[in-house]
Amino acid sequence: MDSDTPDHPQPENHQPQHRIAPAPRPSSGRLYGATRRAAGSMDRWLRRVSASGPEVPAEDAPEPEEPPVSADLLDLLRHMGVALIASGETTNQVQRILDDLARRYDADEVHFFVLPTGIFVRVHDSRGSAVDLLDASVDTLRLDQIAALYKLIDQIKNKVPPPPMATAALAAILRSPPPTAVWLMLLGNVVLTLGLGLMLNPTANALLGYIVIGLVVQLLIMLADRMPLLSLGLPVVAGGAVTMLAFGFPHALGGGNPQQLLVPGVSALLPGATLTNGSIELATGSMVAGASRTIYGLNKLFLLAFGVFIGLQLLGPNHPNPPEHMHQLGWWAPILGVLLIGFGHSWRSSAPPKSLPWLLVVLYAAFAAQKLGVQIGGGLLGSFLGGMVAVPAAYLVQRNRNAPPTQVTFLPAFWMLVPGGIGLTGVSQLVAESNANGLHVLVTTTLTVAAIALGVLVGSGIAAKRPPQITPVVDQLLGPDTGRHSANRRKS
């Protein structure tokens, strides 16, 4: 046996077993991983550098730039503009007041764009501009709130308090509860309705109807303040309730002529001031504000007329014919009606204390001018003269020490002209009867609103115009030398 031969023979197919080594990674994979690790390290380093920033000595660090107008002042101006809109001012007048207040605080970089539903404030300087806004509601402030608002504006102009203090005072005015008792507010609307009825239809047979309807409408208004759903449809509900009372009890409440109860009954909801303010804004170039006010007033007028139509449909087609003879009251009835309107507004809108005599002065001045215009040239001339006289009368009253602001005495006189009264009758006739008479009354109402607006514009110009100086007139007529000699002679 050869030594080279193994003791145990191996199978023919047996191969020697070897451990398989892992395949080497390609060079491109190693390069990719290194690149990712390097990018991650660089990203973490950049984040630390950007977060910490370069170390700058404290004495060399730039001071933060202050805004051109403080946030407190902007907040005051925005809320003041919204309050002025709620006081019944036109948008042009609101913008003038806000510009004046901004100058009192040395804020020349702020500009305003005023709408009936909001205030836009723009701040502009060398670094750029920013715009802010605050929406406004369509509710009107009470007379006591309006008086306190204008008193606050006078205090700001005279003392220039810190803006947070003025803003807090303004918020307290807007949150103040009505100082008038509930029963006195109810009585105020009853007296207001009765006074307007004596002005428009001074008949003894309708006095009870004015009292009952005025009470019902005020109850609906107070109930709508607590029920948002009713507040949305208040013109329709009030118009329907007044119509059903007037035509449902024609002889007991209206003396057989229920039509005369409609306009005085819904007088508290008539959009006369809104329509006239819209006409003023359109005439002065504020097209967006004027158009929105006008459309809002017309929509409210149509809602009232729709309520009248619903009331007539619920009662049916049988309506009493007006009697041939009505017991008309004497010449004193409209004069007494103006007095009742003054008392009614004072109670219903919570007029400031000791403001009733001044309010009556402006009311009687506008009433006398309106009657004079009617006697001379008709209703349109009377509306023009009434609006023209009301503004200077309110400014003259304001000069007295204990007199309220101009807006407090002007708003009741403004409302007394009742530009929407004839319009409500016209729309009702268009809806219920579809005759041409209603269209004629609508055209007359539009002209009446325009006449009042023009009268207010002319009256505002008369009130704002300064007395003419004699010396410039003499210099223009006689020459500068002669005028100087005349002035010297006056001084001697």
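## A tour from the whole chain to Pro-178

Start with the whole chain on screen: among its contacts with a separation of 6 or more, 71% are between residues 24 or more positions apart. Keep in mind that you are looking at a predicted model.

Switch to a cartoon view next. You'll find 21 helices and three strands in the chain. Now turn on the surface. The chain exposes about 28,100 Å², and 61% of that comes from carbon and sulfur atoms. As for what is hidden, buried residues make up 44% of the 492 residues.

Ready to zoom in? Select 182-200, which is helix 6. Is this helix mostly covered or mostly uncovered? Mostly covered: 15 of its 19 residues are buried. Try your viewer's distance tool on the C-alpha atoms at its two ends, and look for 27 Å. That agrees with the expected span, because 19 residues at 1.5 Å a residue should also give 27 Å.

Now select 163-175 as well, to bring up helix 5. In the loop between helix 5 and helix 6 sits Pro-178, your next stop. Pro-178 has a relative accessible area of 44%, so it counts as partly exposed: the range for that label lies between under 20% for buried and over 50% for exposed.

Which residues does Pro-178 touch, not counting those up to four places away in sequence? Select Arg-142 and Ser-350 to see them.

For the last stop, add Ser-349. Pro-178 and Ser-349 are 171 residues apart in sequence, yet their C-alpha atoms are 8.7 Å apart in space.

Definitions and conventions:
Residues are numbered from 1 along each chain as its sequence is written. This is a predicted model: local features need pLDDT of at least 70, side-chain atom pairs count only at pLDDT 80 or more; totals for chains, interfaces and linings use all residues. Side-chain values use heavy atoms; hydrogens and water are left out. Helices (H or I, at least four residues) and strands (E, at least two) are DSSP runs, numbered from the N terminus. Buried means under 20% relative accessible area, exposed over 50%, partly exposed in between (1.4 Å probe, protein chains only). Contact means heavy atoms within 4.5 Å. The expected span of a helix is 1.5 Å times one less than its number of residues. Accessible areas come from the Shrake-Rupley method with a 1.4 Å probe; for residues, only the protein chains shown count as cover.
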